Structures are given as structure tokens and as C-alpha cells.
Amino acid sequence: MASDHFNSQAAKQVCAFHKQIRNYAATPLLSLSALAASWGVKDIFVKDEAKRFGLKAFKGLGGSYAMFRILCERFLLDPETASIDDIKKRVKRMKQPLDFITCTDGNHGKGVSWAAGLFDCWAHIFMPAGTVEARAEAIRNAGPAEVIITEMNYDDTVRYAKAVSEKNSWILIQDTSWEGYETIPTWIMQGYLTMVQEITDELKTIPTHLFLQAGVGSMAAAVVAYMADYYGKNKPETVIVEPEAAGCFYASIKADDGKAHSVESNESTIMAGLNCGTPCSVAWPILRDQAEYYVSCKDHATETGMRTYAYPLADDPVIVSGESGAATLGAAQTIMADKELEDIRKMMRLNEDSVLLFINTEGDTDPENYQNIITEKNY
Ligand SMILES: Cc1ncc(COP(=O)(O)O)c(C=O)c1O
């Protein structure tokens with residue numbers, strides 16, 4: 001049952017692991033009260049994952065925890081009690097280095113590269129065509145990793161990385177699952193629980209609405225399952241936000257046959273982290289059964305979100321939010337500001353009693369594009 005994997009009990013163990021990491025610190029949970037007043041809602045909270053481990057995104061939480069679990073299993077260590085040092089000692093004694101492999105559109109690969117450094121392992125990171133050099137370079141700088149940019153899209157690059165892993169006996173550490181490959185992605189999803197536990201530890205009010213961005217849906221599903229377990233019948237209503245160019249959850253819900261559907265599009269999107277056309281098999285049933293609303297949006301929505309975070313109202317804090325990080329705020333802003341969307345606001349019960357929770361999942365992971373967007377250069 002999903003609730004067993006993504007509950008407070010599971011989160012405790014995950015958090016205990018992350019707290020072993022030298023530069024661990026809970027990321028800020030910020031209140032945007034001036035923005036809330038301007039939207040006519042009670043409050044807006046933003047969990048700022050741009051500050052996570054110096055990686056500018058939440059993703060390292062998942063890659064590091066999964067690597068920890070894989071290595072505990074390999075060395076027959078109990079994850080409840082094993083330390084990073086226990087693992088490093090055993091890695092050192094190995095005759096062959098331990099190789100991990102993954103496909104990424106940026107942030108997950110950076111997390112895996114960084115995690116490989118934590119455990120003295122090595123990572124091979126495959127990226128889809130169109131990857132900007134800044135993202136590849138950030139992965140090389142994060143840890144011991146080689147980066148290969150393919151000529152394929154994200155979904156085909158995942159399949160390619162899987163084939164390369166089998167050929168070389170490298171360990172595939174992928175942040176999406178499919179039939180027969182679910183244990184490691186589930187550990188990755190559990191890794192994200194540290195972020196949600198930090199939120200529920202700190203938040204004094206129960207949010208009424210939770211806006212989550214989805215690529216393959218792993219992050220959103222882990223958060224939603226945990227929130228449902230933690231808040232029970234008071235769980236916030238969840239809004240899943242995707243780019244129009246890769247709206248696989250939107251399309252799957254629309255198909256209304258209970259099954260996950262892949263989408264393919266010739267359109268591109270600047271929301272690189274969300275540009276995934278196939279739902280994660282572990283995430284799909286969780287979101288299908290527990291998320292209430294699905295929004296697919298164009299790039300200008302996230303650009304609006306990025307600028308809203310960058311130029312706050314009154315005393316609200318400045319938040320640096322990248323293309324995938326700001327999609328949810330941008331989508332919400334469109335819903336709140338557009339006069340013609342009154343019915344949608346009513347249906348979603350977005351009103352003066354609403355407490356909205358967002359996760360800024362990344363900072364300026366493509367700094368040049370970030371600057372262009374917030375200063376509206378070339379836009
Ligand atoms: C910044 C950012 N936000 C959100 C996501 C979406 O996570 P998931 O693919 O688990 O849906 C990603 C995925 O890479 C990401 O990089």
C-alpha cells in the first residue's frame with residue numbers, strides 16, 4: 001500500500017539519513033502574505049527547495065536516499081542504523097568501483113552525481129537532446145560523474161540508459177518506475193519525504209490547497225500520499241500542474257479509463273524538469289485516486305510565476321525560482337487573476353479561507369535563461 005511507503009514512519013527514517021549529511025539543513029518555509037492579500041486568500045506558503053544542499057533543487061533528496069538503500073542492501077546493512085561512514089568503508093574495500101547510471105533532464109542527475117560523491121562511487125548521467133550546457137556542467141561539478149547528452153528525447157533516453165546499465169552491469173537509479181522496476185524509484189520517492197516532513201513539522205495551519213508540479217509525478221505522488229496519511233480527512237485538495245507540451249497526467253485523467261497514458265508532442269517547453277511524457281507507474285495510482293485537479297499550462301504561465309517570485313509585493317521575501325519551480329505559482333496566479341475563471345475558482349473553493357501551499361522545486365538551474373526571463377530579455 002502506498003500509505004505504508006509514504007507515511008510519517010517512513011519519513012522519520014529518511015530524515016534521519018539526510019541529517020547525517022554534513023550540510024543538511026531544513027529548507028525555508030516562507031509566507032507570502034502580501035501576495036495572499038492581493039489574491040484574496042488567507043495565506044500562501046512556499047517551501048523553498050532552491051536552498052537544498054547547495055544543489056538548487058529538491059532532487060538530491062531522492063537520489064541520495066535511494067543510493068543509501070541500494071548500498072545498505074548490497075552490504076547487508078540495516079538502513080535503520082547504518083551510517084554513511086559504514087558504507088564508505090565497505091566501498092573502499094571493493095576491488096571494482098561501484099557505478100550508477102541514470103537519465104535526467106538536469107536536477108535528478110545532479111542529485112545522483114552529488115550522492116555518488118557522498119559514498120565514493122561513480123555516476124554515468126545521460127541527458128536528452130536540447131540539454132543546455134549549464135545543466136550538464138552543474139552535474140559534472142556536483143560530484144564524480146560523466147555526462148552524455150544523447151540525440152533522443154527524455155523518454156527514449158531513459159530506455160537507452162536502462163539498456164546501457166544492463167550491458168555494463170551498472171546500477172540504474174532512475175526517478176521513474178515501470179513494471180518490474182519499482183523498488184529503486186520507490187526509495188527515490190521516499191527520499192522526497194524529508195521535504196514534506198519539514199513542512200508539516202513547521203506549518204502551524206493545515207493548508208487547504210496544495211499545488212504540485214509533475215514531470216513523471218514521483219515527487220507529487222510522494223507528497224500527496226504523505227499529506228493524506230498525515231492530515232487524514234483534512235488533507236489539502238491537490239492541484240497537479242504540468243506543461244502543455246508534456247501533460248501526461250492531464251491526458252490520463254481526461255481519458256477517464258483509470259489507466260496511465262503517455263503523450264508525445266512536437267512542442268518544446270522551458271520547464272525542462274517537467275518535460276516527461278510517461279507517468280511513473282508507482283505515482284500514477286496515487287495521483288489518480290488522491291489529486292483533485294489537473295492543470296496543463298503554457299510556458300508563459302511559469303514565466304509569470306518566476307517574475308512574481310523574483311519581484312515580491314510589500315515585505316514578502318524574494319524567491320529565486322526556475323522554470324520548473326515556478327509553474328505552480330504561475331498557474332495559480334492565472335486562475336486567481338483571470339476574471340473569466342470565476343467558476344473555476346468557485347469549483348476549487350479558492351476563497352478568503354484558503355491557505356495555499358507551493359513547493360519551489362528549483363532555483364536558477366539555467367542562470368542565463370532565468371535572468372532573461374525575469375528581466376524579460378527576448379521575451
Ligand atoms: C525542478 C523540478 N521540479 C519538479 C520536477 C518533477 O518531479 P517528477 O518528475 O517526480 O514529477 C522535477 C523533475 O525532474 C524537477 O527537476
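This presentation describes the two domains of a predicted protein model, their sheets, and the ligand that the domains surround.

Good morning, colleagues. The model before you is predicted, with local features requiring a pLDDT of at least 70 and side-chain atom pairs counting only at pLDDT 80 or more, whereas totals for chains, interfaces and linings use all residues. Residues are numbered from 1 along each chain as its sequence is written.

I begin with the domains. The domain assignment gives domain 1, residues 2-58 + 190-374, and domain 2, residues 60-174; such bounds come from an automatic or database domain assignment. The C-alpha centres of the two domains lie 25 Å apart. Where they meet, 27 residues of domain 1 are in contact with 25 residues of domain 2, contact meaning that the C-beta atoms, placed from the backbone, lie within 7 Å. On the side of domain 1 that touches domain 2, the elements giving two or more residues are α2 (8-19), α9 (183-191), α10 (193-202) and α17 (367-374). Here helices are DSSP runs of H or I with at least four residues, strands are runs of E with at least two, and numbering starts at the N terminus. Helix α2 gives the largest share of that side, four residues. By type, that side of domain 1 divides into twelve nonpolar, eleven polar and four charged residues. In this grouping Ala, Val, Leu, Ile, Met, Phe, Trp, Tyr, Cys and Pro count as nonpolar, Asp, Glu, Lys and Arg as charged, and the others, Gly among them, as polar.

Let us turn to the sheets. One is an open sheet of six strands in the order β1-β2-β10-β7-β8-β9, with mixed pairing; two strands pair if DSSP finds at least two bridges between them. Strands β1 (29-31) and β9 (293-297) stand at the edges with a single partner strand each, so one side of each has no neighbour in the sheet. Neighbouring strands of this sheet are turned against each other by 25° on average, direction ignored. Within the sheet, β2 (43-48) and β10 (355-360) pair in the parallel sense over six bridges, and K47 has I359 of β10 as its bridge partner. Helix α15 (327-337) packs on this sheet, touching β7 (209-213), β8, β9 and β10, and its direction makes about 125° with that of β7. Axes are lines fitted to C-alpha atoms, for helices over the stretch in contact, and angles run from 0 to 180 degrees between N-to-C directions.

The other open sheet has four strands in the order β5-β4-β3-β6, with parallel pairing. Its edge strands are β5 (145-149) and β6 (171-172), each pairing on one side only. Strand β4 (122-127) pairs with β5 over five parallel bridges, and A123 stands opposite A145 in β5. Helix α6 lies across β3 (99-103), β4 and β5, running at about 170° to β4.

Finally, where does the ligand lie with respect to domain 1 and domain 2? Both domains give residues to the shell around the ligand, so it lies between them. Of the 21 residues around the ligand, G215, S218, G273, T361 and E362 come nearest; a residue is near if its C-beta atom, placed from the backbone, lies within 6 Å. Helices α6 (107-118) and α11 (218-231) each supply at least two residues of this shell, and α11 gives the largest share, three residues. The shell divides into seven nonpolar, ten polar and four charged residues. Thank you for your attention.

Terms used. Contact = placed C-beta atoms within 7 Å.
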